[in-house]
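Here are my notes on this model, set out point by point. Have the structure open while you read.

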Amino acid sequence: MAREILVSVYLMLFSFIFNICKLFPQKKEKTVFVVTFIENSASIYEELRRQDPSCRTIFLASKNVYNFFSKYDESTILLFEPKKLKDFIMSIYHLATSKMVIVDNYYGFLSSIRFKKNVTCLQVWHASGAIKQFGLKDPSIANRKSRAITRFKKVYKQFHNIIVGSEEMARIFGQAFGIEEKNILRTGMPRTDVFFNEKRIALIKKYMYQKFPYLEEKKVILYAPTFRDNELDHFQLHLNLEEMQHHLNEDYIVLLRLHPAVKNNLDISKYDGFVYDYSKYAKLNDILFITDILITDYSSIPFDFSILGKPMIFYPYDLEQYQKERGFWAEYSDVVPGPIAMSTSEIITILQSGDFQLEEISEYENKWNEYSKGASSQNIASWILYTLKSQETQKNSLYEA
């Protein structure tokens, strides 16, 4: 109850400031990115700059990606958090005076505002596919207050368009957000473009090997578990690193990639030379390119990683509980392209046998990356610029009338 009151007060204040800022005129061809993740927004931005360097861009960034987007000198970067009040108010001003707003996640503030009629809000969701249910299909919303559910629906209605990389994801967004067919853009996912650029991959790998020489000398296992709500403050690693170190030969190293929301207090000092924590490394793709074997559970990482055709092991150690709490879009065993292990010892057995079921990866990649073939950023940047110019043409036509 207290949480809902705080949320309501926050949204009322947000709406009040937004409505004042709406009194200011809109800026021609100004595009605002609201970012919690890096890959899609960065890829779109770089292509926008290539196609039209005059396009003004504002990044409203969460704390975990602020430093990354700060490197773009041609854009404005603001910390989109109330604790930095000046940035926060300026962020709301830019939202209220932009004609193109690009979001990459669920943002509650969207439920409390009403854009002007000529504004386009584009959802560039941070994942190319989905295993677990979310949005209107998330089983947990059954336990939420009616006010919260109404708020969720208001947010989803603000998504004027949403990009997809496959028909399967179009179907899922239709159920999760209530998105209509006419609002779906089959551009492919910008985050995947780099996976089709062999020269770029080679440069990234060269950089990674120069910065971290030990990566080139070993077979790299990346363990990237999904974030779980109950582990926000009390994270527990369910991979037995000691057992892995004991049974695997010196050819292997393990990289850990934990969710940024997790308070990571892991002590891996006793695994020096075998385990490395890459949780704070900004660009996930850089890590994927030097990864030989991925271990994950319900994450969206496999949808992109499958383009590389590399082995994956799925470790859903809490499968029954997670399925009950979050739900899946299909049977878990039917939506993962690789062997399933329920313990560290089973993972070790798969690693030692090399039985990775690689034949499943190609079919999986074709299904989820149907429209993601290396030109997704170009597709969506062209659409954004066309939409902005169409808005301006419509405005001028009204004046002439």
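**Notes on the model**

1. Let me start with the second largest pocket: helix α2 supplies the largest share of its lining, 6 residues. Keep in mind throughout that this is a predicted model. The pocket holds about 560 Å³ of space. Its lining runs to 27 residues, and those nearest the centre are Ser 43, Glu 46, Val 194, Arg 200 and Lys 283. The elements that contribute two or more lining residues are α2 (39–51), α7 (198–211), α9 (284–289) and α14 (376–400). By character, the lining splits into 11 nonpolar, 6 polar and 10 charged residues.

2. On to Ala 375, in the loop between α13 and α14. Ala 375 has a relative accessible area of 31%, so it is partly exposed. Its C-alpha sits 9.4 Å from that of Val 194, although the two are 181 residues apart in sequence. Val 194 is one of the residues nearest the centre of the second largest pocket.

3. Next, the core. Nonpolar side chains in soluble globular proteins tend to be buried together. Here the largest nonpolar core has 82 residues, and the members that touch the most others are Val 34, Leu 95, Phe 134, Phe 177, Leu 215 and Leu 255. Helix α6 (residues 167–177) gives the most to this core, with 6 residues.

4. Helix α6 deserves its own point. Its buried residues are Glu 168, Met 169, Ala 170, Ile 172, Phe 173, Ala 176 and Phe 177. Look at that list with helix geometry in mind: an α-helix has 3.6 residues a turn, so residues three or four places apart point the same way. Among the elements covering the buried residues of α6 are α5 (146–157), β6 (161–163), β7 (184–185) and α13 (359–368). Just after α6, Gly 178 has a positive phi of about 70°.

5. Which residues does Phe 134 touch, not counting those up to four places away in sequence? They are Trp 125, Met 169, Ile 172, Phe 173, Ala 176, Phe 177, Arg 326 and Trp 329. Of these, Met 169, Ile 172, Phe 173, Ala 176 and Phe 177 are among the buried residues of α6. Phe 134 also belongs to an aromatic cluster, together with Tyr 106, Trp 125, Phe 152, Tyr 156, Phe 159, Phe 173, Phe 177 and Trp 329.

6. Staying with aromatics, the count for the model comes to 45 aromatic pairs. One of them joins Phe 69 and Tyr 72, a tilted pair with 6.1 Å from centre to centre and 50° between the planes. Phe 69 and Tyr 72 are both buried. Another tilted pair is Tyr 223 with Tyr 315, at 6.3 Å centre to centre and 45° between the planes. That second pair links distant parts of the chain: Tyr 223 lies in strand β8 (residues 219–224), while Tyr 315 is 92 residues away in the loop between β12 (312–314) and α11 (319–325).

7. Is Tyr 223 buried or exposed? Its relative accessible area is 1%, so Tyr 223 is buried. Leaving aside neighbours within four places in sequence, Tyr 223 contacts Leu 237, Leu 239, Leu 255, Leu 256, Arg 257, Ile 295, Tyr 315 and Tyr 317. The C-alpha atoms of Tyr 223 and Ile 295 are 4.8 Å apart, with their positions 72 residues apart along the chain. Leu 255, from the contact list, is also one of the core members that touch the most others.

8. Two loop positions to finish. Ser 306 lies in the loop between α10 (301–305) and β12, and it counts as buried because its relative accessibility is 3%. Beyond its neighbours within four places in sequence, Ser 306 is in contact with Met 312, Ile 361, Tyr 364, Glu 365 and Asn 369. Ser 306 and Phe 195 are 111 residues apart in sequence, yet 9.7 Å apart C-alpha to C-alpha. Gln 357, in the loop between α12 (344–353) and α13, is worth a look for its backbone: phi is near 55°, a positive value in a residue other than glycine. At 25% relative accessibility, Gln 357 counts as partly exposed.

How values were computed: Residues are numbered from 1 along each chain as its sequence is written. This is a predicted model: local features need pLDDT of at least 70, side-chain atom pairs count only at pLDDT 80 or more; totals for chains, interfaces and linings use all residues. Side-chain values use heavy atoms; hydrogens and water are left out. Rings of Phe, Tyr and Trp (its six-membered ring) pair if their centres lie within 6.5 Å; planes under 30 degrees apart count as stacked, over 60 as edge-to-face and the rest as tilted. Buried means under 20% relative accessible area, exposed over 50%, partly exposed in between (1.4 Å probe, protein chains only). Helices (H or I, at least four residues) and strands (E, at least two) are DSSP runs, numbered from the N terminus. A nonpolar core is a set of buried Ala, Val, Leu, Ile, Met, Phe, Trp, Tyr and Cys residues joined through side-chain atoms within 4.5 Å. Contact means heavy atoms within 4.5 Å. On a 1 Å grid over the protein atoms alone, a cavity is a set of points where a 1.4 Å probe fits but cannot get out, and a pocket is an open set with protein on both sides within 12 Å along at least five of seven lines; lining residues have an atom within 4 Å of a point. Grid points are joined across faces, edges and corners, and a volume is the space filled by probe spheres set on the points. Ala, Val, Leu, Ile, Met, Phe, Trp, Tyr, Cys and Pro count as nonpolar, Asp, Glu, Lys and Arg as charged, and the others, Gly among them, as polar.
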